[in-house]
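Trainee: I would like to learn how to read charged side chains and enclosed spaces in a model. Could we go through them one by one?

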Amino acid sequence: MTRPFVFAWHFLTAIPISRSHHAPSSAELATSMAWYSTVGLLIGGFLAAADQGLRLFLAAEVVNVLLIVLLVLMTRGLHQDGLADTVDGLAGGRTAADRLRIMRDPSVGALGATGLFLSLLLRYAGLLALPQPVRLPVLLCMPALGRWAMVSVAWASPYARSEGGLAAAFLTHLSWQHVLLSSLVLACALMAGMGVIAATATIASGALVVVVVRRGCRAWFGGVTGDLLGATNELIEILFLLLIPVLVMAR
């Protein structure tokens, strides 16, 4: 149990917590995805604590920017990189093979950079518009929701690249039990922080996005890659931030 959690933490964050856990097997990498929601909650805890502290002496606009900076630093910009590569692939490729080839290019194109800039702008706007009563639970749960979506999209999805890649080892042994554990952690966190109705609406909306993303990955890329999973995380976190005020006003 300890090793998969450590692998999940090291893969999803830039903060080392162990020097003795090495060479994970494919089964351990798959099991580590069951811990993604938990790691997301811990990342959310850092964001919530930073928010509470920074708001004591900084303006709300500055705090929101610093929270985004903190999130990017904590995760090494892994998901932002995936989003930029995905936008470049979609914009520049006519076939799945072309899109995958473009995504493998380490340079970022103009449209990828634009997509990344707009995603950060939307994230900032979403943070700025957050109703105060739900700000704390949203900051806590947002990273968990994004990482749950990654696990859900990866489950039972083929790997897009025939030659293999970083995400291939994670997908090999990923099972519904791993997805279930990740889902239970997320559901409990959402219900504790936002209530049953908001939690149910969030998970239902998230499941719909997951279905659409999975179909898009198969249709446009022939399966999933690490970049596509990173883009999924960014997409669902931003949608969560933008739609939560609507949900709060509807209650």
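**Charged pairs and a cavity**

Mentor: In this predicted model, the side chains of Glu-28 and Arg-3 meet in a salt bridge, with 2.7 Å from N to O. This pair links distant parts of the chain, since Glu-28 belongs to helix α2 (residues 26–32) and Arg-3 to helix α1 (residues 2–12), 25 residues apart.

Trainee: What is the general idea behind such a pair, and how many salt bridges does the structure hold?

Mentor: Side chains of opposite charge can pair when their charged atoms come close. The structure holds seven salt bridges.

Trainee: Is Glu-28 buried or exposed?

Mentor: Glu-28 counts as buried because its relative accessible area is 19%, under the cut-off of 20%, whereas Arg-3, at 27% relative accessibility, is partly exposed.

Trainee: Which residues are linked in a network of salt bridges?

Mentor: The network joins Arg-123, Arg-147, Glu-234 and Glu-237. Within it, Arg-123 forms a salt bridge with Glu-234, their closest N and O atoms being 3.0 Å apart, and this pair links distant parts of the chain, with Arg-123 in helix α7 and Glu-234 in helix α12 (residues 226–250), 111 residues apart. Arg-147 forms a salt bridge with Glu-237, where the closest N and O atoms are 2.8 Å apart; Arg-147 lies in helix α8 and Glu-237 in helix α12, so this pair ties together parts that are 90 residues apart in sequence. As for accessibility, Arg-123 is buried at 2%, Glu-234 is buried at 1%, Arg-147 is buried at 1% and Glu-237 is buried at 1%.

Trainee: Which side chain of opposite charge is nearest to Asp-88, and how far away is it?

Mentor: The nearest one is that of Arg-101, 11 Å away, and Asp-88 is buried yet has no salt bridge. Asp-88 is found in helix α5 (residues 78–92), and a polar atom of the Asp-88 side chain lies 2.7 Å from the backbone nitrogen of Gly-109. Beyond its neighbours within four places in sequence, Asp-88 is in contact with residues including Ile-102, Ser-107, Val-108 and Leu-111.

Trainee: How is an enclosed space found, and which residues line the largest cavity?

Mentor: Rolling a probe the size of a water molecule over the atoms shows where empty space is left. Here there is one cavity of 30 Å³ or more, and the largest cavity has a volume of about 40 Å³. Its lining consists of Leu-47, Leu-67, Ile-68, Leu-71, Arg-123, Leu-127, Leu-139 and Met-142, with the largest share, three residues, coming from α4.

How values were computed. Residues are numbered from 1 along each chain as its sequence is written. This is a predicted model: local features need pLDDT of at least 70, side-chain atom pairs count only at pLDDT 80 or more; totals for chains, interfaces and linings use all residues. Side-chain values use heavy atoms; hydrogens and water are left out. Helices (H or I, at least four residues) and strands (E, at least two) are DSSP runs, numbered from the N terminus. Buried means under 20% relative accessible area, exposed over 50%, partly exposed in between (1.4 Å probe, protein chains only). Lys and Arg count as positive and Asp and Glu as negative; His and the chain ends are not counted. A salt bridge is a side-chain nitrogen of Lys or Arg within 4 Å of a carboxyl oxygen of Asp or Glu. A polar contact is a pair of N or O atoms within 3.5 Å; within protein, one must be able to donate a hydrogen and the other to accept it, and residues adjacent in sequence count only if both atoms are side-chain atoms. Contact means heavy atoms within 4.5 Å. On a 1 Å grid over the protein atoms alone, a cavity is a set of points where a 1.4 Å probe fits but cannot get out, and a pocket is an open set with protein on both sides within 12 Å along at least five of seven lines; lining residues have an atom within 4 Å of a point. Grid points are joined across faces, edges and corners, and a volume is the space filled by probe spheres set on the points.
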